[in-house]
Amino acid sequence: MAKTRVIVVGAGIAGPVLAIFLKAKGYDPIIYERLESPGEGGLSFMLQPNGLRVLSLIPGFIEQIPGYSPDRMVHCSSLDGKEDILIDNDISPDTMREHFGFPLIGVRRAEFHRFLIVTAEKHGIEIRWGHQAIEFEQSEDSVEVTFANGIKDTASFVVGCDGLHSNTRIALFGKEKASFTGLVQFGGLSPTPPALRGKFVNNYGNGRHMVSYPVAEDKTSWAITTREAEIKEDWKTQHVEQQNEIRRGPLSDWGYGAGDLVKTGQRIVKYGLYDRPELKSWFKGRVVLLGDAAHPTSPHLGQGANQAFEDTYHIMRLLKKYNPSASQPSTELLSQVFIDYQDLRLPRTSELVRGARRQGEARVVEGIDACRARDEKVRAGSHDDAARMAYYELLSGPFRDSEL
């Protein structure tokens, strides 16, 4: 009997992980990606215990992740030439494992992505590059996907993992207007200064915020958020002249090692941060969204990739619950899977998207008095029991004992 074919749209961060799980559970996944090959786009992100808990279900995977774990979480302020440590916590791998079972791991996006692609291919998953999905025609028991190059393919169901600019989302629900938040980010990769070795740092300034963390023993990734005029959301590397302006600009004097990172930044990118409307549903018929395609978020909580992995766990758990044999599912069965999936995940991710938005607004304030008030809130936050409990619950998800 032929295995149930599943088309995964998008070979970014979520798609290969989902395909590996689908293959392991007896499905026949194939990934289509609009890019011609793995790219160098994006900077980095932090794999957190909730995301790693899902990835640990892939045998031998997390032990080989190319990245680096920080030892200290430092929140500091640099105002009027004065540096102040607001919080300094132990987040060493041993401590994080004691509390959550997994550490934090900073990864370069491009390097982690290449590792994901190689892992998916080792699991026998075919990835077809240069295929941009543009149309989804549904029938009683299948979906025919048409790509911009004229190729067509058919599967039992489709999962759109095609990210922030999801064609699957547009095809299902129409094109939405993205609204500029007023915040701009730029960042890069730098040699780690001695003062920042092993440290995950939030550095607060007047009208700006920097997050930095190690992604290798000698490399630190960093991103600065400021309020500027609207620019595109394209994550493109700046021209040489633009990068040099940033390296020589006023941010190069920022305290607590931030200025050193700016001065030595490599491949500096700059991009606007945009909000998108929250969807009321994540599926139509036999096509469903996952990850950034379903719930795009600003980066201020660092949960984008980790929440996509939680989505993956829950959709696989529900497929196993309702279709344990991985046989050809009816539209009614898929509807039950997708309804349970979105009823669980949509409220949760919407709350995190709003939380990330609030975090960005709270971090980037202007005027010395406003900045000092912000700094005191940050300092007091380390003693906020409700906030600590919410953080603990976030990193303890999405399961205690796997149902896969």
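**Salt bridges, strand pairing and backbone details in a predicted model**

Arg 345 and Asp 311 are both buried (buried means under 20% relative accessible area, exposed over 50%, and partly exposed in between, with a 1.4 Å probe and protein chains only). The model discussed here is predicted, with local features requiring pLDDT of at least 70, side-chain atom pairs counting only at pLDDT 80 or more, and totals for chains, interfaces and linings using all residues. Residues are numbered from 1 along each chain as its sequence is written, and side-chain values use heavy atoms, leaving out hydrogens and water.

The side chains of Arg 345 and Asp 311 meet in a salt bridge, at 2.7 Å from N to O (a salt bridge is a side-chain nitrogen of Lys or Arg within 4 Å of a carboxyl oxygen of Asp or Glu). This pair links distant parts of the chain, with Arg 345 in helix α9 (residues 331-363) and Asp 311 in helix α8 (residues 304-322), 34 residues apart. Helices (H or I, at least four residues) and strands (E, at least two) are DSSP runs, numbered from the N terminus. Side chains of opposite charge can pair when their charged atoms come close. Across the whole structure, the search returns 16 salt bridges.

Another of these contacts joins the side chains of Arg 5 and Asp 28, at 3.7 Å from N to O. Arg 5 lies in strand β1 and Asp 28 in strand β2 (residues 28-32), so this salt bridge ties together parts that are 23 residues apart in sequence. Arg 5 is partly exposed, its relative accessible area being 24%, and Asp 28 is likewise partly exposed, at 26%. A network of salt bridges links Arg 5, Asp 28 and Asp 153.

It is worth turning next to the strands. Strand β1 (residues 5-9) runs parallel to β11, and four bridges join them (two strands pair if DSSP finds at least two bridges between them). Within this pairing, Val 8 stands opposite Val 159 in β11. Strand β11 is also joined by three bridges to strand β18 (residues 287-289), again in parallel, and here Val 159 stands opposite Val 288. Both faces of β11 (residues 157-160) are covered: Phe 157 and Val 159 are buried on one side, and Val 158 and Gly 160 are buried on the other.

An antiparallel pairing is found between strand β4 (residues 72-79) and strand β5 (residues 82-90), which are joined by eight bridges. The two strands form a hairpin with two residues between them. Arg 72 takes part in two kinds of contact here. Its bridge partner in β5 is Asp 90, while its salt bridge is with Asp 88, the closest N and O atoms being 3.0 Å apart. This salt bridge links distant parts of the chain, from Asp 88 in strand β5 to Arg 72 in strand β4, 16 residues apart. Asp 88 counts as partly exposed, at 42% relative accessibility, and Arg 72 is partly exposed as well, with a relative accessible area of 31%.

The loop between β4 and β5 contains Asp 80, which has a positive phi of about 50° although it is not a glycine. Asp 80 counts as exposed, at 58% relative accessibility. Arg 267 also has a positive phi of about 50° without being a glycine, but this residue lies in strand β16 (residues 266-275) and is partly exposed, with a relative accessible area of 46%. A further backbone detail is the cis peptide bond that joins Gly 397 and Pro 398, with omega of about -5°. Pro 398 is found in the segment after α11 (385-395).

Finally, there is the surface charge to consider. Asp 90, the β5 partner of Arg 72, belongs with Asp 71, Asp 94 and Glu 98 to a surface patch of negative charge. Patches are made of residues with over 30% relative accessible area and no salt bridge, with like charges joined within 9 Å and nonpolar side chains (Val, Leu, Ile, Met, Phe, Trp, Tyr) within 5 Å. Lys and Arg count as positive and Asp and Glu as negative, whereas His and the chain ends are not counted. Within the patch, Asp 94 has its place in helix α3 (residues 93-100) and counts as exposed, at 60% relative accessibility.

Methods: Accessible areas come from the Shrake-Rupley method with a 1.4 Å probe; for residues, only the protein chains shown count as cover. The place of a charge is taken as NZ of Lys, CZ of Arg, CG of Asp or CD of Glu.
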